[in-house]
Number of protein chains: 4
Amino acid sequence: MNKPPVGKETFSWPVRVYWEDTDAGGIVFYANYLKFFERSRTEWLRARGINQQALREATGGMFVVGEAQVRFLKSARLDDELLVTTSLLETGRASMTIHQQALLTTTTGPRLLCEATIRAGWVNASTLKPDRIPAQILHALT
Amino acid sequence: MNKPPVGKETFSWPVRVYWEDTDAGGIVFYANYLKFFERSRTEWLRARGINQQALREATGGMFVVGEAQVRFLKSARLDDELLVTTSLLETGRASMTIHQQALLTTTTGPRLLCEATIRAGWVNASTLKPDRIPAQILHALT
Amino acid sequence: MNKPPVGKETFSWPVRVYWEDTDAGGIVFYANYLKFFERSRTEWLRARGINQQALREATGGMFVVGEAQVRFLKSARLDDELLVTTSLLETGRASMTIHQQALLTTTTGPRLLCEATIRAGWVNASTLKPDRIPAQILHALT
Amino acid sequence: MNKPPVGKETFSWPVRVYWEDTDAGGIVFYANYLKFFERSRTEWLRARGINQQALREATGGMFVVGEAQVRFLKSARLDDELLVTTSLLETGRASMTIHQQALLTTTTGPRLLCEATIRAGWVNASTLKPDRIPAQILHALT
């Protein structure tokens, strides 16, 4: 799993754990961390001026996840407060690679629960075929 | 809550409870019964020859739920087997009203867990404005 | 559908619409409004000093929804900002009835998308049998 | 990504794509493939006589996913029929590694949409600490 960039380049988004996120094991269902990661990526884009809905109407394209490597280290529970980070590792012509972490907020500091390396490709929203990431996005991200 | 029609008019669809459906209370999260009801409505339409994706491409319309009255009587748990029923109560020009039940399969027969009366309206998929239910659907349903 | 109390008694919680909330119709999937309502109820309880996880450990009880009447008036879309309100209509010995609304935040003010009347009962978390709402909760809510 | 074992060792479970599984991109939301994979793993266990709910009551343990490597190759859409496979790659004392695929059923044969390598560890359900996989499970699986 790649190392994340450090410092000011890492974006953080708070996520609270609700009933909907948990399962009968008393912990957050594993697929739901991918929801949390998506929320953080969306807010990271928004913080850089990128509104995905508007961009899709303007360009006909959207991001689709092509690969996800996820390590689930510790479990979050109901009412937990998480910080979900996003940091850009690399951009290509048609995809970008991102490192993300879900950190539990505790009185003694953040504790890593789950981390992922995600590759998201830009596709034509109708055909789902890979396409070049619009320059507007590349400028905003890098 | 309206009485369902009886006998052959009631469509049944089996649903198994998985981890994803449960919450930290050890039971199915209340919103997920609406997922089960939607699955049963879709399969009920499919059994009558109606494929919603194809119909949308052909007519530009889709069903959207306008009202749901739901009673949660008993709770389903992980691994439970349910039968989720759909029966048509009434059709109008732009909407239909359906009665649905989620029944737990037990060795002593089905036990009612949750029931709902659902009104679904037909809308233009682009504008979301109400529209007449296509004749093809009305013929298939009644 | 009951009228909500007005003014300071109504609790509001912001909810952003993410990809996970939408469906292929381009709008928020109907069951997901029940997730939004649950988040608002949980934050309303938290704002009154009630942590459900801690309370369950202390009392062995939890709230379970017994009835939901939901009207879906207009649809939310990706990236929409909602305010989800909670206001208490009535408390009994073993249940409370709540009015909730999901309002779209627009430049010309809030627009009602979805509203619900929800009855939530207090149950023993092991047996799921109805029980008296703990005095601590009743004091905090009323 | 590891190669799956072939032939009779691969378990298959049919999954239909419903509205709940899709997002505003018109395709299955990426996190939901992990739900499909979990359903297939559960049914694979059940087909080998392992009921997770009963096992937890008997042993106090449960499986928790520790790592997932997922490749999303093509997208499923509403009404699609998938086959979701599970095949055991390796078992250790406290975890097992599984290869899973989501295949679209087409008239010209199955088409690979998504595949994953999943490591699931056995944990004490109360403490969430790793524990030995019960012999009963190892016997059933290998």
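1. Gly92(C) sits in the loop that joins strand 3 (81-91) to strand 4 (95-106) of chain C. Helices here are DSSP runs of H or I with at least four residues, strands are runs of E with at least two, and both are numbered from the N terminus. Gly92(C) counts as partly exposed because it has 13 C-beta neighbours inside 10 Å. On the scale used, a residue with 20 or more other C-beta atoms within 10 Å of its own is buried, one with 12 or fewer is exposed, and one in between is partly exposed, with C-beta atoms placed from the backbone. From Gly92(C) to Thr107(C) the sequence separation is 15 residues, and the C-alpha to C-alpha distance is 39 Å.

2. A note on the basis of these points. The model is predicted, with local features requiring pLDDT of at least 70 and side-chain atom pairs pLDDT 80 or more, while totals for chains, interfaces and linings use all residues. Residues are numbered from 1 along each chain as its sequence is written, and chains are lettered from A and ligands numbered from 1 in the order in which they are written.

3. Chain A contains three helices and five strands. Their order along the sequence is β-α-α-β-β-β-β-α.

4. How far does the C-alpha trace of chain A extend along its principal axes? The spans are about 40 × 35 × 25 Å. The radius of gyration of chain A is 16 Å, which agrees with the value near 14 Å for a compact globule of 142 residues. That radius is taken over C-alpha atoms, and the globule rule is 2.2 Å times the number of residues to the power 0.38.

5. In chain A, 42% of the 142 residues count as buried. Of the contacts in chain A with a separation of 6 or more, 68% are between residues 24 or more positions apart. A contact means that the C-beta atoms of two residues, placed from the backbone, lie within 7 Å.

6. The largest nonpolar core holds 152 residues, and those with the most contacts inside it are Tyr33(A), Tyr33(B), Tyr33(C) and Tyr33(D). Such a core is a set of buried Ala, Val, Leu, Ile, Met, Phe, Trp, Tyr and Cys residues joined through C-beta atoms within 7 Å. With neighbours within four places in sequence left aside, Tyr33(D) touches Val28(D), Val70(D), Ala102(D) and Cys114(D).

7. Between chain D and chain A, 18 residues of chain D are in contact with 18 residues of chain A. On the chain D side, helix 1 (32-47) and strand 2 (61-72) are the elements that give two or more residues. Strand 2 of chain D gives the most, with 10 residues. By residue class, the chain D side has 11 nonpolar, four polar and three charged residues. Here Ala, Val, Leu, Ile, Met, Phe, Trp, Tyr, Cys and Pro count as nonpolar, Asp, Glu, Lys and Arg as charged, and the others, Gly among them, as polar.

8. In which sense do strand 2 of chain A and strand 2 of chain D pair? The pairing of these strands is antiparallel, over five bridges. Two strands are taken to pair if DSSP finds at least two bridges between them. One bridge sets Glu67(A) opposite Arg71(D), which belongs to strand 2 of chain D.

9. Chain D superposes on chain A by a rotation of 180° with 0.0 Å of shift along its axis, at an RMSD of 0.0 Å. The fit is by least squares on the C-alpha atoms of residues with pLDDT of at least 70 in both copies. Gln69(D) is the residue of chain D that comes closest to the rotation axis, with its C-alpha at 2.2 Å. Both copies use the same surface, since 100% of the contact residues of chain D recur in chain A.

10. For chain B, a turn of 180° and a shift of 0.0 Å along the axis lay this chain on chain A with an RMSD of 0.0 Å. The two copies are therefore related as by a two-fold rotation axis. The C-alpha of chain B nearest the axis belongs to Asp23(B), 1.9 Å away from it. The same surface again serves both copies, and 100% of the contact residues of chain B recur in chain A.

11. The contact between chains B and A takes nine residues from each chain. The chain B side divides into five nonpolar, two polar and two charged residues.

12. Leu128(B) has a positive phi, near 65°, although it is not glycine. This residue lies in the loop between strand 5 (109-124) and helix 3 (135-141) of chain B. Leu128(B) is partly exposed, with 17 C-beta neighbours inside 10 Å.
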